[in-house]
Amino acid sequence: MLCRSWALPSVIKGLCTHCGLCVEVCPNHGIHLDDDGPVFDERELCDACGSCEDVCPTGAIVTVFEIARPDCNDTSTGGQDER
Ligand code: SF4
Ligand code: SF4
């Protein structure tokens, strides 16, 4: 059963210092920086690893990976299947 569902990370733009670490750490190359801070390029590129949140020195990235699939009854994997 396919149960993967999560939101992209959120950004507190006022905290971003444009250090670029989140861009470097994303294993899927799914982040770039613009004038306001990080931009997550494509939903499909994020696999919810949390690395961008972990590496950010200012706490500007918050991963809120909401699992909300009403058709998913399997909670053994935290709502995520194996790809
Ligand atoms: S790691 Fe944090 S401070 Fe650095 S560019 Fe990314 S969001 Fe901004
Ligand atoms: S959670 Fe992981 S895959 Fe998603 S944007 Fe951040 S570093 Fe990239």
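Select Glu 53 first, a residue of helix α2, which spans residues 51–55. The model is a predicted one. Glu 53 is partly exposed because 17 other C-beta atoms lie within 10 Å, whereas a buried residue would need 20 or more. Show its contacts next: leaving aside neighbours within four places in sequence, Glu 53 is in contact with Pro 9, Ile 61, Val 62 and Thr 63. For a distance label, choose the C-alpha atoms of Glu 53 and Thr 63; these residues are ten apart along the chain, and the atoms are separated by 6.4 Å.

**From Glu 53 to the core**

Move to Ile 61, one of the contacts of Glu 53. Not counting residues up to four places away in sequence, Ile 61 touches Pro 9, Val 11, Cys 22, Pro 38, Cys 52, Glu 53 and Cys 56. Pro 9 is thus found in the contact list of Ile 61 and in that of Glu 53.

Now select Val 11, Cys 22, Cys 26, Ile 31, Cys 52, Cys 56, Ala 60 and Ile 61 together; these eight residues make up the largest nonpolar core. In soluble globular proteins, nonpolar side chains tend to be buried together. For the whole chain of 83 residues, buried residues make up 14%.

**The two ligands**

Select ligand 1 and the 15 residues around it, of which Cys 16, Cys 19, Cys 22, Cys 56 and Ala 60 come nearest. The elements that contribute two or more residues to this shell are α1 (21–25) and β3 (37–40). By class, the shell contains ten nonpolar and five polar residues, with no charged ones. Cys 22, Cys 56 and Ala 60 are also members of the largest nonpolar core.

Go on to ligand 2, which has 16 residues around it; those that come nearest are Cys 26, Cys 46, Cys 49, Ser 51 and Cys 52. Its shell divides into ten nonpolar residues, five polar and one charged. Here Cys 26 and Cys 52 are the residues to highlight if the core selection is still on display, since both belong to the largest nonpolar core.

**The hairpin**

Colour the chain by secondary structure: it has two helices and four strands, which follow one another along the sequence in the pattern β-α-β-β-α-β. Zoom in on strand β2, residues 31–34, which is joined to β3 by four bridges, the two strands running antiparallel. Together β2 and β3 form a hairpin, with two residues between them. Two cross-strand positions can be picked out here: His 32 stands opposite Val 39 in β3, and Leu 33 stands opposite Pro 38 in β3. In a regular strand the side chains alternate between the two faces of the sheet. Pro 38 is also one of the residues that Ile 61 touches.

**The loops on either side of α1**

Select Lys 13, in the loop between β1 (10–11) and α1. Is Lys 13 buried or exposed? It has 11 C-beta neighbours inside 10 Å and therefore counts as exposed, the limit for that class being 12 or fewer. Not counting residues up to four places away in sequence, Lys 13 touches Asp 36 and Gly 37. Measuring from C-alpha to C-alpha in the viewer, the reader will find Lys 13 and Pro 38 to be 8.2 Å apart in space, although 25 residues apart in sequence.

Remain in the loop between β1 and α1 for His 18. Its phi is near 60°, a positive value in a residue other than glycine. His 18 counts as partly exposed because it has 13 C-beta neighbours inside 10 Å.

Then cross to the loop between α1 and β2 and select His 29. His 29 also has a positive phi, of about 55°, although it is not a glycine. With 10 C-beta neighbours inside 10 Å, His 29 counts as exposed.

**The whole chain, coloured by confidence**

Finally, zoom out and colour by pLDDT. The mean over the chain is 81, and 70% of the residues reach 70 or more. Among the elements, α1 has the highest mean pLDDT, 98, and β1 the lowest, 92. Select residues 75–83 last: pLDDT stays under 50 over this segment, for which the model has eleven contacts beyond four places in sequence. Across the chain, residues 24 or more positions apart account for 60% of the contacts with a separation of 6 or more.

How values were computed:
Residues are numbered from 1 along each chain as its sequence is written. Chains are lettered from A and ligands numbered from 1 in the order in which they are written. This is a predicted model: local features need pLDDT of at least 70, side-chain atom pairs count only at pLDDT 80 or more; totals for chains, interfaces and linings use all residues. A residue is near a molecule or strand if its C-beta atom, placed from the backbone, lies within 6 Å of it. Ala, Val, Leu, Ile, Met, Phe, Trp, Tyr, Cys and Pro count as nonpolar, Asp, Glu, Lys and Arg as charged, and the others, Gly among them, as polar. Two residues are in contact if their C-beta atoms, placed from the backbone, lie within 7 Å. Two strands pair if DSSP finds at least two bridges between them. A nonpolar core is a set of buried Ala, Val, Leu, Ile, Met, Phe, Trp, Tyr and Cys residues joined through C-beta atoms within 7 Å. pLDDT is the predictor's confidence in each residue, from 0 to 100.
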